[in-house]
Structures are given as C-alpha cells and as structure tokens.
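Visitor: I'd like to walk through this model with you and learn how to read its features. Where shall we begin?

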Amino acid sequence: MPAGVAPRRLHITWAVLVAATLCGLSSTELFRQPVVAVGAILLVAGIKAHLILGTFMEVKQGPTALRIFFASWVIACVISIVLLYALAPAR
Amino acid sequence: MSSTRGNPAAVDELKGEGDTSADPPAIWTFIVLDSASFAVFFAVFMAERLAQPALFDASSRLLDVRLGLTNTLILITSSWLVALAVAAGRRGDLRRLRAGLLGGILVGSAFAVLKLIEYITKLAGGITPQTNDFFGYYFCLTGIHFVHYLAGMIVLLVLLARARKSQAVDPELMGWAVSGGIFWHLIDLLWVFLFPLLYLLGRVK
Amino acid sequence: MNLATLSSSNPYQYVRVCAWAGPLVLVIAVVFWAALGQNIPPYSAAMEVNAFAEAFRAKAHLIRVGMVGMIMGGVLYMVWGLAISKVMESIERHNNVLSTLQMWGAGLTTLFFMIPPGIWLTATFRAESTAPETLQLLYDLGWMLFDMTVPVTMVQFAAFGVCVLGDRRRMPVFPKWLGWMALYLAGSFALFALMPFFKAGAFSRSGAVNFWVEFNLFFLFMLLTSVFVLRAITRLEAEHAASHPAS
C-alpha cells in the first residue's frame, strides 16, 4: 500500500486551495482585458485541479500513465475554455 | 492475463498471483472516463456560448456568486477532511479515520443545502432549464454534478458505517476508503471548473 | 490440449459460441444499423421537415436493408448476454441475482435492437408516398424508443459491474477496471434522459455526447467484454477440468 500523504501536506494543500479560490474570484475585477481575466481565472482553476489530483487523489504517487493523463486533462480543460472564450465575438 | 493453458496448477490461481494491493485502485478507470466526459461538457458549454455570449454572460450574472463560492469552499474543506481520514487509516488510526469521514459528511452535506436553496430560488423566480440555453446547460451540468455528489455522499456514509463496525483498520476497509476518497475528490475536482465556467466568466468586465 | 474434453462434464459447453455472438452483433450493428442505416450520425432532430423527408427518401432503399439486417441479427445480443451470465455465475458466492439481472437486461435490450429498427423500416416501406411529417414522426418515434429505453441496458451493465467488483479471487475472472467501466456506462446512460429536451447540441440524438460518446463507448465496452468473457471461459474450463479429473 502506498505510504500516503502526510497530514501537514494536506493542511497546506487545503490552505492553498482556499486562497486560490479567493484569488480566482478577485480576478474577475482585477484585469482590464476580459481574455486576460478569464485566462487568470482558469489558470487558478488549473492549479487547484492539479493540487486536488496530485495531493488529495494521490495521482502524484500513481503510475506514469495516470499522471500524464491528468496533466493533459487539466491543460486541455484550461486551454479549451480560454480559447473558446477568446473566440466568442466581443460584446 | 488469465491464460491457464490447461495446467492443473491453474486452480492455484484462485488463491493468488502476487500481492495486488500496491496497484492503483481500479476505480481510476471510472474517474478517467468520467473526467474525460466532463472535459467534453465544458467544451460543449463554451461552444454553445460562442453563438450567444451576451445572453450567457447576462444569465450568468443572475446566479448568486456567493452561493457558488461557498459551495467551492465547502467541497474543498470536505475533500481535505476525507483526505485526512484516508491518511489516518493508512497509519492504522481508526478513530481519526472515522472522525475524518464524519467531518467530511457533515461539511459536505451543506453543499446540498445551498444547492437546493439555489435551485428553489431560481425555479421560484421563474428561471427553469427552458428559460434559455445558458440555464439549460446550468441545470444539466450542475444536475449531473449533483448526481455525482449524491453518489459520493452515499459512498462516504457506507464507508463510515463500515468503519464504525470495524475493530481495526483492515486492508479491505482501507481499499474501499482509498477508492471512496478518490471518488469524493472527483466531485471537488469537477466543481473547480464548473464554478468559474458558470459563475465567474459572466462577471468578467 | 483442452483438459475440459477429458473430464466427464463441461459446464461451459456452448458458452464460447454464445460469447462470439457479442462481436458478431457488434459487426452487424456497425454495418447494418450504423452504416447502411445512415446512422453515422443519425438525421438531426433540428432538420426542417421537408429537407429531412428528401434526405430520408434518397437513402430509403439502403436504410431498409440496414434495418432488416439489424432486426434479423439483433437477437444475438441476448445470446451474448447468456454467455456473460454463465461466466458471472462463477463469481457469485451467495445467489444468482446479479447474473439473472444481467441476463434480463441483455434480453430486454435485445428488443430495442428490433423494435426501433422496425419503426425505421416502416418509414422506408412507402417512403415516397408518405407525408414528410409522418416520416419525421416515425423517425422520431424510433429514436425515442431506442434512446429512452436505456434503463434496461443500465441494469444489465450495473449488475455486471457490481458482480465484477465483488469478485473475491486474488486473480479476478474479469479485471476490476472493466467493472468500473460498466458502472460508468450504466451511470452515463442516464444522460439519454436529456435527449427529448434538445433538438440540437451535445445532448440531442445526433450530438457529441448522446450519440458520439455514448455509442462509441457502448460498442467499445461490448468488444472489451467479449474479449474478457472468451478469456474467462478458457480459464474456467481449465479450472473445472483440473478440479474434476476424468475417472
């Protein structure tokens, strides 16, 4: 059985996730360019997803195939959302 | 592989071929397929938005971002408690395993309360899945997510019941706790993208 | 060689033949229902009625052949289901609830490889003289039955998945991931419930999710399950022969 994640690491991950959620929310106000703001929001979401996968779900200790799949999954989600946002006609 | 080539010793395979407990849990097949489907859902939502961005943004602003934000924090916290429970289980600490699961369930149940408040206020305000495409997708995507959430709560409750019956942390309990925990984190993981998609994109100025 | 032939009884007689019905019905579905039946993808529910009738009439002769083939071959789905249940019985410890549910699920799913194609076949029968609205209605009716009767298939896959995950052998008869895939499919088929609410888009009958993703995964699952059923039969025959030596 894998060793698992130390509780201290889980506490830090939780704190970072909470902070990142608040950062993501404030990004709606911080940037002048809508696409930049959306890019920032999704970047934060991608980092959060990466942390949940890596630490809570223990993908970091999993096989390479799983790590590659979820790294690509996070990147694909972030890029496709930002790209499709940028492609939409300006309001 | 299961080829036995008619070897009389084949029956021994019943009893085992190496220790498999170090392998990643098989539930990953489910998680991979499910998260891939959600990647498609996200893209579908954004592709539908291409045709009517103004409507999507105006509709998005009708959602209460405080509810979405609170639910994000609830899921993150519940996920954290369940991760602590699994970590405790690995150390053989049954008391903390139970406590973590109970905490995860209690915090997690607040998600349902807020989600139902949100659905009810929307429906009472005359906003239904038929209102427009945004709300069609809003109800579909959050509804599919909510079904996952309900399944996850049942998994946690079953795990807690199992942990309360156990005298010590046995490998079978641990196996289910690891798989159940992964499933619970999936609900958090998917919400991490659903929250900005539905609540935040429309608020960008 | 196969030790089973030496022993006095073989509980897996005919099971292998039944298991091959899976790949066979898959080929029939792809060739007749999908390719000849013009279902890659199906006509969109958003099509204007006259445009639909024109497109449908132009292909009616092919669709007719396709649907006849699907109806004649569809019964093989039930035959395949029996092979799965026979292998599931070797996993079951307490009773045969799961293998029985799987069999009923497969048997009832078989009906929907026959009844909706029968409705589409009816639409082709007098396609030239049938009013466009009637053609579209028949086509819609076929799809409503085809997609919305999916709960029987959900029961089939869920029973299979639960059984696979409950396998206590150290070397399971089916890989556990196949059980999780079955459970995933059983769950994701619930998305068909969204189909009647959409005439276009991902959840419509010809959409990205409810056509492309669901049907491809369904067909992939049929193929994978057939492979693992055939492997399991080889193993179970050998186990049976080893524990029942010929006298």
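Guide: Let's begin with chain A, keeping in mind that this is a predicted model. Among contacts in chain A between residues at least 6 apart in sequence, 60% join residues at least 24 apart.

Visitor: Which elements make up chain A?

Guide: From the N terminus on, they run α-α-α. That is three helices and zero strands.

Visitor: What does the radius of gyration say about chain A?

Guide: Set it beside a compact globule of 91 residues, which would come out near 12 Å; chain A has 15 Å. The box tells a similar story: along the principal axes, the C-alpha atoms of chain A fill roughly 55 × 30 × 10 Å. As for burial, 40% of the 91 residues of chain A count as buried.

Visitor: Which chains share the most contacts?

Guide: Two pairs of chains are in contact, and chains A and B share the most contacts. Chain A and chain C have no contact joining them, and their closest C-alpha atoms lie 14 Å apart.

Visitor: How should I read the side of chain B that touches chain A?

Guide: The general idea first: the size of an interface is often given as the accessible area lost when the parts come together. Here we can count residues instead: 42 of chain B are in contact with 39 of chain A. On the chain B side, the elements giving two or more residues are helix H1 (27-51), helix H2 (53-60), helix H3 (65-90) and H6. H3(B) provides the largest share, 12 residues. Sorted by class, that side of chain B has 30 nonpolar, six polar and six charged residues.

Visitor: And the nonpolar core, which residues have the most contacts inside it?

Guide: The largest nonpolar core has 158 residues, and those with the most contacts inside it are Ile81(A), Phe42(B), Ala83(B), Phe193(B), Trp80(C), Val87(C) and Ala182(C). H6(B) gives the most to this core, with 18 residues. Take Phe42(B): leaving out residues up to four places away in sequence, Phe42(B) touches Cys77(A), Ser80(A), Ile81(A), Phe193(B) and Leu197(B).

Visitor: Ala182(C) is in that list. How do I check the helix around it, H8(C), against its expected span?

Guide: Use the rise of 1.5 Å a residue: the 13 residues of helix H8 (residues 176-188) of chain C should span 18 Å, and the end C-alpha atoms are 18 Å apart, so the two agree.

Visitor: Why is H8(C) described as largely enclosed?

Guide: Because 12 of its 13 residues are buried. Among them are Trp180(C), Ala182(C) and Tyr184(C). The buried residues of H8(C) pack against H1 of chain B, as well as helix H7 (151-165) and helix H9 (208-243) of chain C.

Visitor: Is Gly202(B) buried or exposed?

Guide: Gly202(B) is buried, because 22 other C-beta atoms lie within 10 Å, and the cut-off for buried is 20 or more. Gly202(B) sits in the segment after helix H6 (171-200) of chain B. Beyond its neighbours within four places in sequence, Gly202(B) is in contact with Phe56(B), Asp57(B), Ser60(B) and Arg61(B). Leu55(B) is 147 residues from Gly202(B) in sequence, yet their C-alpha atoms are 9.4 Å apart.

Visitor: How about confidence in chain B?

Guide: Where pLDDT is low, the predicted coordinates should not be read in detail. Chain B averages a pLDDT of 88, and 89% of the residues score at least 70. Over residues 1-20 of chain B, pLDDT stays under 50, and for that stretch the model has 28 contacts beyond four places in sequence.

Methods. Residues are numbered from 1 along each chain as its sequence is written. Chains are lettered from A and ligands numbered from 1 in the order in which they are written. This is a predicted model: local features need pLDDT of at least 70, side-chain atom pairs count only at pLDDT 80 or more; totals for chains, interfaces and linings use all residues. Helices (H or I, at least four residues) and strands (E, at least two) are DSSP runs, numbered from the N terminus. Two residues are in contact if their C-beta atoms, placed from the backbone, lie within 7 Å. Ala, Val, Leu, Ile, Met, Phe, Trp, Tyr, Cys and Pro count as nonpolar, Asp, Glu, Lys and Arg as charged, and the others, Gly among them, as polar. pLDDT is the predictor's confidence in each residue, from 0 to 100. The radius of gyration is taken over C-alpha atoms; the globule rule is 2.2 Å times the number of residues to the power 0.38. A nonpolar core is a set of buried Ala, Val, Leu, Ile, Met, Phe, Trp, Tyr and Cys residues joined through C-beta atoms within 7 Å. The expected span of a helix is 1.5 Å times one less than its number of residues.
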